[in-house]
Amino acid sequence: MLARRGTHLLARSSNLPRRTLSTTRSRSAVYILPVDPQSPSSPVTDVDAAALWNSAPAPKDKKAAKAGTTRIFYDTPNGGKGKDITALTSLGDKWTSKSDEQKREVVRRAVGSAIKAVKALGDGVDGETVLVDASADPHAAAVAANLALYDFTLKTKPQSHFDPRNTGSLPERLELRSLSESDAKAWSDGVVYARAQNLARTLSELPGNMMTPTAFTERVQAEFAGLPNVDIFARDQEWAAEKGMRTFLSVAKGSSEPCKFLEIHYRGAASDVQPLLFVGKGVTFDTGGISIKPAGGMELMRGDMGGAAAVCSAALAVAQLKLPVNLVVLCPLTENMPGPGANKPGDIVYAMNGKSIQIDNTDAEGRLVLADALYYGTSTYQPHSVVDVATLTGAMMIALGEVYTGVFTNSDTLWQDLEKAGKVEHDLFWRMPLSDAYAPQITSSNADLCNIGGRSAGSCTAALFLKSFVAGVESSEESDSEPGVRWAHLDIAGTMESARGNDYQGKGLTGRPTRALIELVKQSAIA
Ligand code: BES
Ligand code: MN
Ligand code: ZN
């Protein structure tokens, strides 16, 4: 396993005190120990962190080492066979004077950098016990460790340490443990958050041929298997036709792959408690349809079900954490293909709520599948709040890039809840305008609505389009009071993918905003 260890040796610590924490282990372990470079210590181990940290080369910048600077030590004596790797990682300058929000992100970056550094040794961490000193912030440490250890690959050589096609989002042989027992709950909750996000990454990364609407529903059902208070329905095309979901089906009929309408019900509260509703765009591959996309970069459209992946994964965590809420999740799942039955530009369809829509561009399919899902969900389940998540517009990527998810909402309080949840998990949101002033751009065709609104403010016109299908959205009596139903549309077209990644999450499809959604539900359960 760690055969090449010697070639990467940075420092030896044979004269340092023995740590007593280790129990009898047959394998070696990786220790991830975040330290304040001003006064390095590891309260939950007997590692002499100060001696180790200061024994490393480059004495001058030791105290100012920026967050994530990692020093790796081999062969620290530990009462075992001397096979351990100890990674000390800096919490950065001025650690003690930082706010809680800043500290959490520093912990994530430090833990992530250390795991990245250990992975970069080339031996992998497969089969190792990874022990993280989580005392600085157990939730953030658990999140970062689990996100950083995740790798998506279908390469057959070297063989992947876990098969993304199967349930379970971390390598089986990897044992990830916290070294701060007192904070065990925060650690184990953090593991649930991160594993949910890793599932969303997997669902998004799996290519269109593997992650069809049918495969998506089967995988989600397998992930939920055995969890109490959950009902899952994988509706088919006939069911959708009976419900009158004509705009959803107009997209599906361009593909020979059967569509699905996935419905998850989690009952964590009394049956008379109004539910929260999540709706996720589940286009398992978006070619654009007859308004076909250019070839370059089209492979990214395997992730056009990122909204569905995030809401299902968040719901899984909510059920695992047994949060005291009722939650309904709806995902219209289909391919957008230019098959012989496909929508043609100029076609007009009547949505489930009776409104007519002119489809001038078949590539604006997300709003079509969401229109019926939003109307069905809001008219059937009378939720107190609705959050839809969708890789909806390329314009969103232009506006906010991969940093912020754009939020369009009719509710100031829902915006505040989302902003807070996003900050807690550093899964950030930025509020965008949901304004009727954009209406002329999408109402100038032969139908009630047109599915495109011109180049300008493309994300804003898409959001306003969706508003027409949210039942109860306009029912407020006074103009400045909260609306009848709180609705937020999250456009994740920019945040679905990270080109560079960060210290704790590699590049690729991100699984965002899974963690922020879990946190939103958790906060609403506390309130
Ligand atoms: N799935 C795309 C949006 C997208 C683009 C997500 C790039 C992530 C990265 C969506 O279905 C789409 O094609 N939108 C069109 C809408 C336009 C035709 C009004 C777009 O943004 O170009
Ligand atoms: Mn499209
Ligand atoms: Zn799309």
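**Figure 1. Polar contacts of ligand 1 in the predicted model.** A backbone N or O atom of Leu392 lies 3.4 Å from a nitrogen atom of ligand 1, in a model that is predicted. Gly394 also takes part through its backbone, with a polar atom 2.7 Å from an oxygen atom of ligand 1. Asp304 contributes from its side chain, where a polar atom is 2.8 Å from a nitrogen atom of ligand 1. Ligand 1 taken alone exposes 520 Å², and the protein buries 81% of that area.

**Figure 2. Residues around ligand 1.** There are 17 residues around ligand 1. The ones that come nearest are Lys293, Asp304, Asp363, Glu365 and Gly394. Two of these names return in the next view, since Asp304 and Glu365 are also listed among the residues that coordinate the zinc ion (ligand 3).

**Figure 3. Coordination of the zinc ion (ligand 3).** Lys281 (NZ), Asp286 (OD), Asp304 (OD) and Glu365 (OE) coordinate the zinc ion (ligand 3) at 2.0 to 2.4 Å. The arrangement is octahedral because the 6 donor atoms subtend angles of 77 to 173 degrees. For six octahedral donors the ideal angles are 90 or 180 degrees. Along the chain, the donors of the zinc ion (ligand 3) have the spacing K-x4-D-x17-D-x60-E.

**Figure 4. The zinc and manganese ions.** Asp286 forms a bridge between the zinc ion (ligand 3) and the manganese ion (ligand 2). The two ions lie 3.2 Å apart.

**Figure 5. Chain positions and burial of Lys281 and Asp304.** Both residues are donors to the zinc ion (ligand 3), whose donor spacing is K-x4-D-x17-D-x60-E. The pair links distant parts of the chain: Lys281 sits in the loop between β8 (276–280) and β9 (282–286), and Asp304 in the loop between β9 and α8 (306–320), 23 residues apart. Lys281 has a relative accessibility of 1% and therefore counts as buried. Asp304 is likewise buried, with a relative accessible area of 1%.

**Figure 6. The protein that surrounds these sites.** The protein has 13 helices and 19 strands. Of its 527 residues, 57% count as buried. Among contacts in the protein with a separation of 6 or more, 76% come from residues 24 or more positions apart. The accessible surface of the protein is about 21100 Å², and carbon and sulfur atoms account for 50% of it.

Conventions: Residues are numbered from 1 along each chain as its sequence is written. Chains are lettered from A and ligands numbered from 1 in the order in which they are written. This is a predicted model: local features need pLDDT of at least 70, side-chain atom pairs count only at pLDDT 80 or more; totals for chains, interfaces and linings use all residues. Side-chain values use heavy atoms; hydrogens and water are left out. Donors are N, O and S atoms within 2.8 Å of the metal (3.2 Å for Na, K and Ca); water is not among the atoms, so sites may look incomplete. Four donors count as tetrahedral if all angles lie between 85 and 135 degrees; four count as square planar and six as octahedral if opposite donors are over 155 degrees apart and all others between 65 and 115; anything else is irregular. Helices (H or I, at least four residues) and strands (E, at least two) are DSSP runs, numbered from the N terminus. Buried means under 20% relative accessible area, exposed over 50%, partly exposed in between (1.4 Å probe, protein chains only). A residue is near a molecule or strand if one of its heavy atoms lies within 4 Å of it. A polar contact is a pair of N or O atoms within 3.5 Å; within protein, one must be able to donate a hydrogen and the other to accept it, and residues adjacent in sequence count only if both atoms are side-chain atoms. Accessible areas come from the Shrake-Rupley method with a 1.4 Å probe; for residues, only the protein chains shown count as cover. Contact means heavy atoms within 4.5 Å.
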